[in-house]
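Colleague: I'd like a close look at one part of this model, the place where two neighbouring helices pack in one of the chains. Could you walk me through it and then show me how it sits in the rest?

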Amino acid sequence: MAETRRLTQTSARAIPGLGAVTLLRIAIIATILLTWELVAASGWLYKDVVPSFFAIAKALFNLLTTRVMVCQADFSLGPIPLRWELWMPEFYCHLGRTVREIGLALLIGGFSGLLIGLTLGANRFLSRAFEPVLYYLGPTPKIIFFPIMIMWFGLGPGSKVAMGAVSCFFPVVLSAAAGVREIDKVLIRVGKSFRANAWQTATKIYLPAMRPAIINSVRLGLGIALIGTLLAETKLSNFGIGFLIMQAYFLFDMPRMYASLIVLFVLAIGANSFISRLGHIDPIRSR
Amino acid sequence: MAAKSDFVWQKYGPAIVGFGAVAVSIIFIEILIRIGVINRFIVPLPSQIAVSFERVILEEEIPRRFLQTAGECLAAGILVTVVGIAFGALLHRVHLLRQATEIWVAAMASAPTVLMYPLFMVIFGRSATTIIMMGFAAGLAPVILKTVEGLSGARRVLINVGRSFNLTERQLFWKILFPAALPTIFVGIRLGLIFALINVVGVEFLINFGGLGQLINDLAERYDLPGTYAAICFVILVSVLFFMAMEKAEKWLRPGA
């Protein structure tokens with residue numbers, strides 16, 4: 001009897017993740033899906049505004065696998081040609097364009113933000129002179145700069161990259177400057193006592209001590225660059241995930257719109273979680 | 001004397017340098033445009049922008065637009081505060097629910113919710129409701145998270161005092177937990193209102209409906225460059241003033257923070 005109980009307890013423990021929390025999560029998801037299906041079938045809302053979950057799943061499958069087209073991937077760097085053509089579902093061509101725009105935006109806005117943030121963080125006078133301006137400009141809605149970006153960089157990917165870069169610049173500057181100021185002064189004094197030169201101080205003390213702050217900056221910058229770039233794509237574009245969402249809206253293809261939004265949210269939250277894990281950042285407390 | 005001037009420089013020097021740099025940049029851009037280095041059909045003269053402020057305020061119904069945007073922000077803010085605090089309190093009370101869903105709320109905070117505006121347009125139409133609901137969706141997560149954090153951070157000794165007075169659960173919440181958590185909850189409300197404002201103005205611009213956001217879109221579509229830049233400056237000014245007011249309110253609530 002005792003042996004049976006021991007075996008039962010062992011097998012219960014052997015099924016990981018099936019605790020009360022997991023069961024509650026499953027119950028919540030099941031309730032949401034069931035309610036969704038009921039609303040979709042009842043016709044309480046306008047027809048097709050809430051499509052059946054199966055219609056969304058089918059649209060998701062179609063989105064990721066069908067409408068194969070020739071996709072031109074162009075990663076040329078100046079005189080070095082890095083260009084090829086691939087046959088793939090249309091979605092991945094749009095995803096590729098959006099990822100490239102976000103990547104460039106993060107590179108430009110994030111790198112310049114990091115450099116300026118490090119300078120402001122290291123110099124108290126400059127910090128007091130310029131940080132208030134950046135601090136108060138930070139929470140303004142950046143999408144309002146889009147008309148200016150179109151005038152400066154045209155209707156193509158340039159204006160979307162610029163939108164993303166402007167959006168991510170501010171949080172990266174402020175986070176990097178705060179990161180420099182939070183470095184333990186003892187570490188810097190230890191470096192000085194070992195007569196570390198500027199390069200050694202930067203690589204052996206500043207950068208390792210700032211790793212969480214830099215990763216947090218990149219995480220914030222990525223999230224904001226993604227929003228800036230995609231919003232610009234929804235406003236005026238003929239390519240990218242933002243364009244796909246607007247295309248589904250104009251065609252009133254609701255399952256496809258839901259599918260596009262699901263993929264986008266999964267990618268955005270996934271990228272955010274990945275960077276958070278990289279920097280050991282608590283996703284709840286870092287809000 | 002030298003010490004006094006040094007003190008004055010230490011105190012006001014950074015502000016002088018900061019504002020001076022901004023002023024010099026504006027003058028420099030004006031010169032570059034006048035000598036033809038920057039195309040004046042892409043970047044209007046800063047002096048033209050300054051002059052067009054009056055025109056934009058008088059001709060584009062700025063007070064009405066401002067009130068409309070403020071009203072949408074207020075509606076979104078009330079929704080965010082009421083629903084956010086209620087849901088946060090529920091998560092604090094039901095520990096299992098908190099364990100199961102807090103990570104989802106955190107994920108929602110990092111999700112690009114503003115991109116759901118086409119979906120909201122289908123559901124609510126091209127109307128103020130869409131704008132308010134977008135502001136609400138964007139601002140909800142920080143209020144929930146900060147409410148949970150504030151209620152969980154209430155000092156144990158205060159709760160014990162309440163229990164020693166035989167307070168009911170309701171009394172304990174309203175007389176001890178909620179007042180103790182209020183400063184932290186207000187941080188969440190401030191963040192939520194800022195997110196709501198950003199999204200309200202952003203969605204107004206994107207769907208070309210409403211107050212200040214629509215004004216920028218209108219002026220840009222008319223290719224009124226000085227007007228567009230002036231309207232953008234006006235929106236930035238409103239956002240900065242709103243942000244500063246929220247900060248003052250937070251400092252008043254959390255004097256030691």
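Modeller: Sure, let's start with who meets whom. On the helix 7 side of chain B you have B:L158, B:I159 and B:G162, and they meet B:L172, B:K175, B:I176 and B:A180 in helix 8 of chain B. Sorted by class, that contact has five nonpolar, one polar and one charged residues.

Now the geometry. Two packed helices are described by the angle between their axes and the distance between the axes. Here helix 7 of chain B, residues 156-164, packs on helix 8 of chain B at an angle of about 170°, and their axes are 10 Å apart. Anything over 145 degrees counts as roughly antiparallel, so helix 7 and helix 8 of chain B are roughly antiparallel to each other.

Keep in mind that this is a predicted model. For chain B the mean pLDDT is 87, with 98% of its residues at 70 or more. For the complex, the predictor gives an ipTM of 0.82 and a pTM of 0.81.

Zooming out a bit, the domain assignment splits chain B into domain 1 (2-43) and domain 2 (61-253). Taken over C-alpha atoms, the centres of domain 1 and domain 2 of chain B are separated by 35 Å.

Helix 8 of chain B also turns up at the contact between the chains. That contact takes 43 residues from chain B and 44 residues from chain A. On the chain B side, the elements that give two or more residues include helix 8 (169-207), along with helix 1 (2-34), helix 4 (95-110) and helix 10 (225-253). The largest share of that side, 10 residues, comes from helix 4 of chain B. By class, the side of chain B that touches chain A has 35 nonpolar, seven polar and one charged residues.

A little further along chain B there's a backbone oddity to check on your screen. B:Y223 is in the loop between helix 9 and helix 10 of chain B, and its phi is near 55°, a positive value in a residue other than glycine. Most residues other than glycine have a negative phi, and most peptide bonds are trans. With 11 C-beta neighbours inside 10 Å, B:Y223 counts as exposed.

Chain A has a residue of this kind too. A:F252 has a positive phi of about 50° although it is not a glycine, and you'll find A:F252 in the loop between helix 10 (241-250) and helix 11 (254-278) of chain A. A:F252 counts as exposed, with 11 C-beta neighbours inside 10 Å.

While you're in chain A, here's the overall picture. Chain A comes to 11 helices and two strands, in the order α-α-α-β-β-α-α-α-α-α-α-α-α from the N terminus on. Of its 287 residues, 36% count as buried. Among contacts in chain A between residues at least 6 apart in sequence, 70% join residues at least 24 apart.

A:A176 makes a good example of a buried spot. A:A176 is in helix 7 (residues 157-181) of chain A, and with 27 C-beta neighbours inside 10 Å it counts as buried. Leaving out residues up to four places away in sequence, A:A176 touches A:G113, A:L114, A:G117, A:L118, A:G121, A:A213, A:I214 and A:S217. By contrast, the C-alpha atoms of A:A176 and A:F243, 67 residues apart along the chain, are separated by 33 Å.

Methods: Residues are numbered from 1 along each chain as its sequence is written. Chains are lettered from A and ligands numbered from 1 in the order in which they are written. This is a predicted model: local features need pLDDT of at least 70, side-chain atom pairs count only at pLDDT 80 or more; totals for chains, interfaces and linings use all residues. Two residues are in contact if their C-beta atoms, placed from the backbone, lie within 7 Å. Helices (H or I, at least four residues) and strands (E, at least two) are DSSP runs, numbered from the N terminus. Ala, Val, Leu, Ile, Met, Phe, Trp, Tyr, Cys and Pro count as nonpolar, Asp, Glu, Lys and Arg as charged, and the others, Gly among them, as polar. Axes are lines fitted to C-alpha atoms, for helices over the stretch in contact, and angles run from 0 to 180 degrees between N-to-C directions. Angles under 35 degrees count as roughly parallel, over 145 as roughly antiparallel, 65 to 115 as roughly perpendicular and the rest as oblique. Domain bounds come from an automatic or database domain assignment. pLDDT is the predictor's confidence in each residue, from 0 to 100. A residue is buried if 20 or more other C-beta atoms lie within 10 Å of its own, exposed if 12 or fewer, and partly exposed in between; C-beta atoms are placed from the backbone.
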